[in-house]
Amino acid sequence: MICKNCGCEINDNVKFCTNCGAKIEPEENYFGSDTTESSEVNDSNDVEIISSENGAYDESLISDNGLQYKKKLFIIPIVIAVLAIFIAVAVLLINFTSARPMREALAANNGDLVNSVYSEAYGNETKIRKYDELIGDKIDEVSSGVNSYSFDEPATQNGDDAVTDYLQSEYGTLIYNPNGQSIESCISSANSGDWNALKNLLDSKGYYCSGVYEYKTESDYESAIADFSNVIADDSGYDNALTMIGECVDGYIDSTLAAVDESISNGDISGGIELLNSAKSYLDSCGVDSTEIQQKIDETLVTYADSYAQKAEASFKEHDVNGAIGNIEVAMRLQPGNADYKTKYDTYQQYLPFYLYDEDNILYEERNNLGWGENIEFDVERTTNTNKEMKHCIVWDTSNTDDTSYYAEHYNLGGKYDLVTGTLFLSDLQKDNTNECYFEAYGDGKLLFTSSRISAGFLPEDFSFSVSGIQELKIVFKGAGAGYVSNFVAQKDFPE
């Protein structure tokens, strides 16, 4: 201690300066109060308490030793804090140094190197734990990068290869390594959840890129819908995929309708309907709401049915009953519950020709006074003496010139028809025949019509006669030689 009076160095425990005799005032306690008399320091490591000759304690010594003790109490926490900081820094440095091989391998984007470093740490739980943390951080980084990257433009060129191109460009062989190991071999249970999530995301991106290529580049709407339907909600392209699904559905429906139109136009009604139903089933299988396609199917069926009903009406006005019935049948198959189509169908049926040349329509037949080799044929083809091909012909052959030799064909008209038409002609094989052939028509027992007589030099001749209200029609074929009649039919009169 230094004497404040003379500046001489003196013992810390004296109360008077040994040089000048000045009283030494004790320095104020650091904590702002003097040591109380009741304070006791009984630690063997502290300063020994010295008493006076009469046994009383030396108060100056007590005061000075208490000050030193309190100074020690203040210094100890500081030392502990500094030591803790030092230990923490040391631990960080040790951890950083021990994890450096994995950090460098990941920074190098080298999957094989990561696997090598990881395998070297087997058995060292502390290292493996640190490596897992670094690998987990890398997985998070890749997931974020993949979801931040726009694959739309690359996908139009490379399809799902755009994903692997990106992974190799940004992360080397860490995630995709066709010729070695990726970090997948180093995925422990600590990172399996995040790794599986990343794989799902990458699969989703692959579907997304394939869909973009098929839609934008190939116009393959069906395949694009299937791929876009596999894009997951965690994919940043999810909303865009939903939008493109809607666009592809429209394109798919349009292309389907074009195929349906072609199929129906070619007479394959069932095939056209099947195409529509297949389109709906396909969209259902993709998880796409098929309400719209069902609505379009319904609208399409109605539209097609109406168009064919109009064609039927046009055919009927042209007296083409077969065409009218064929078209209305298409309309009925497209809209089977349409009562109006059924009514039209029944109406058209009434105007169907009754084919007299069809042997199945004959009620019964009579033959009289016919010789050997004489015969009658139905629905055959022949060539006229003017070299014209005639279809649906009745050919009869007789050898007697008297009226006792004939074929009589009976038909049940049921009062449904108004007119019988046909064409008489002479075959090119019989063009020089001088014998005469003809036929007579009887309605309910009354003679209605007698045809011209066919012989050499006869030219094809159209004919007609009324059968309105007739229930039973009889046609009697007579003459000598061979006679010919083509397209022999009964027909109901068409409305004006």
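I take contact to mean heavy atoms within 4.5 Å, and I use the word in that sense throughout these notes on a predicted model.

**Entry 1: Asn322 and Gln491**

With that cut-off in hand, I looked up Asn322 and found that, once residues up to four places away in sequence are not counted, Asn322 touches Leu352 and Tyr355. I placed Asn322 in helix α12, which covers residues 321-334. I also looked at how far Asn322 lies from Gln349: the two are 27 residues apart along the chain, and their C-alpha atoms are separated by 8.8 Å. Is Asn322 buried or partly exposed? I note it as partly exposed, because its relative accessible area is 45%, which falls between the limits of 20% and 50%.

I went on to Gln491, which lies in strand β11, residues 481-491. Leaving aside neighbours within four places in sequence, I listed the contacts of Gln491 as Val321, Tyr351, Leu352, Pro353, Tyr417, Asp418 and Leu419. Leu352 is therefore on my list for Asn322 and also on my list for Gln491, as contact is defined above. I count Gln491 as buried because its relative accessibility is 15%, and the limit for buried is under 20%.

**Entry 2: the chain as a whole**

I then stepped back to the protein chain, in which I find 13 helices and eleven strands. Of its 496 residues, 38% count as buried. Among the contacts with a separation of 6 or more, I note that 67% are accounted for by residues 24 or more positions apart.

**Entry 3: nonpolar cores**

My next look was at the largest nonpolar core, which has 51 residues, and within it Met102, Leu167, Ile175, Ile225 and Phe228 touch the most other members. The elements that give two or more residues to this core are α2 (100-107), α3 (111-120), α4 (125-148), α6, α7, α8 (221-228), α9 (238-265) and α10 (269-285). The largest share comes from α7, with eight residues.

I wanted to see what surrounds one of these members, and chose Leu167: with neighbours within four places in sequence left aside, Leu167 is in contact with Val142, Val146, Gly172, Ile175, Tyr176 and Leu202. Apart from the largest core I found another, of 32 residues, with Tyr357, Leu413, Leu426 and Val467 among them. As a general remark for the margin, nonpolar side chains in soluble globular proteins tend to be buried together.

**Entry 4: the second largest pocket**

Which residues are closest to the centre of the second largest pocket? I first noted that about 260 Å³ of space lies in this pocket. Of the 14 residues that line it, those closest to its centre are Thr164, Leu167, Ile175, Tyr176 and Leu202. The elements that give two or more residues to the lining are α6 (161-171) and α7 (192-217), and α7 gives the most, with four residues. Sorting the lining by class, I get six nonpolar, four polar and four charged residues. I note that Leu167 and Ile175 appear here at the pocket and also among the core members that touch the most others.

**Entry 5: cysteines**

How many disulfides does the structure hold? I find zero. I checked two cysteines for burial: Cys186 is buried, because its relative accessible area is 1%, and Cys393 is buried as well, because its value is 0%.

**Entry 6: positive phi in two loops**

I looked for backbone angles worth a second glance, and noted Asn369, which has a positive phi of about 55 degrees although it is not a glycine. Asn369 sits in the loop between β2 (364-368) and β3 (375-383), and I record it as partly exposed, with a relative accessible area of 44%. For Asp444, phi is near 50 degrees, again a positive value in a residue other than glycine. I located Asp444 in the loop between β7 (437-443) and β8 (446-450), and its relative accessible area of 43% makes it partly exposed.

**Entry 7: Gly7**

Last, I turned to Gly7, which is found in the segment before α1 (59-98). At 45% relative accessibility, Gly7 counts as partly exposed. Between Gly7 and Cys17, ten residues apart in sequence, I read a C-alpha to C-alpha distance of 9.7 Å.

Definitions and conventions: Residues numbered from 1 in each chain as written. Predicted model: local features only at pLDDT ≥ 70, side-chain atom pairs only at ≥ 80, totals over all residues. Heavy atoms only, no water. Disulfide = S-S within 2.5 Å. Buried < 20%, exposed > 50% of the residue type's maximum accessible area, 1.4 Å probe, protein only. 1 Å grid on protein atoms, 1.4 Å probe; cavity = no way out; pocket = protein on both sides within 12 Å on 5 of 7 lines; lining within 4 Å. Points joined across faces, edges and corners; volume = space filled by probe spheres on them. Nonpolar A, V, L, I, M, F, W, Y, C, P; charged D, E, K, R; others polar. Core = buried A, V, L, I, M, F, W, Y, C linked by side-chain atoms within 4.5 Å.
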